[in-house]
Amino acid sequence: MITVTAFRWVPPMVQGLVRDLRVRWALEEAGLPYKEHLIGMEEKTAPSYRLLQPFAQVPAYREDDLVLFESDAIVLHIAERSEALLPREPKARARAIAWIFAAINSIEPSVQNLGALDLFYASEEWAKLRRPGQVEQTAARLTQLSDRLQDRLYLEDRFTAGDLLMTTVLRNLRSNDLLSKLPVLEAYRKRCEARPAFQKALADHMAVFAKHVPVAA
Ligand SMILES: N[C@@H](CCC(=O)N[C@@H](CS)C(=O)NCC(=O)O)C(=O)O
């Protein structure tokens, strides 16, 4: 049985963004059942947990005697078992994998840099000075992605793990209005989020937080 480790509770501003969602979504697309292993923030640094996830983060993934960390590597591992996420035809497969890397290497860093300014450093003077340049850089990268999508439904000719990861990266833009200025990209995100597998994964991810609201929260 597959087990996915997730946090028992996180603040609302990051609910729906924690990276176990990527893994849950991939498992739903692949039709693979799994169990949750829920941990509190205090458990993530325990030596026993760091054997599963060296950096004291979630998600961690167990499948029989395989232990994996890094959400994107886990998604790729799941995708390799499921044609729903990776085409079998070698060239189509290689292109889908290229989009996995594009999501996490070409798009995610600039999305994360902007998110960090808005969520963690908004009141700092240096962050206020840096923000316009970061917005410009992130918007430019997103525009390139939007140019590529044009009237396509997905990054290639069908949904793949590349779309799954790209969508989860785009979800991190919710602290700003960049996506609303790029209707092609906004429609793409919504199209991918409308998939039943995403809806189920999100519902299960959110249900955990609803069940474990801290007394003081
Ligand atoms: N590169 C890692 C990043 C994992 C990560 O950033 N996890 C966050 C939640 S989304 C976390 O556990 N944060 C708590 C911490 O870093 O202490 C992955 O993709 O799995």
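This is a short chat about how the two domains of a predicted model meet.

Colleague: Before we start, what are the ground rules for this model?
Modeller: It's predicted, so local features need pLDDT of at least 70 and side-chain atom pairs count only at pLDDT 80 or more, while totals for chains, interfaces and linings use all residues. Residues are numbered from 1 along each chain as its sequence is written, and side-chain values use heavy atoms, with hydrogens and water left out.

Colleague: OK, how is the chain divided?
Modeller: Domain 1 is 2–84 + 197–211 and domain 2 is 90–195, with bounds from an automatic or database domain assignment. Their C-alpha centres lie 21 Å apart.

Colleague: How much area is buried between domain 1 and domain 2?
Modeller: About 1900 Å², with carbon and sulfur atoms giving 57% of that. Buried area is the accessible area (1.4 Å probe) that two parts lose on being put together, summed over both.

Colleague: Which three residues supply 30% of what domain 1 buries there?
Modeller: Leu17, Arg22 and Trp25, more than any other three residues.

Colleague: Switching to charges, how many salt bridges are there between the domains?
Modeller: Three, where a salt bridge is a side-chain nitrogen of Lys or Arg within 4 Å of a carboxyl oxygen of Asp or Glu.

Colleague: And what do the side chains of Arg19 and Glu108 do?
Modeller: They meet in a salt bridge, 3.0 Å from N to O.
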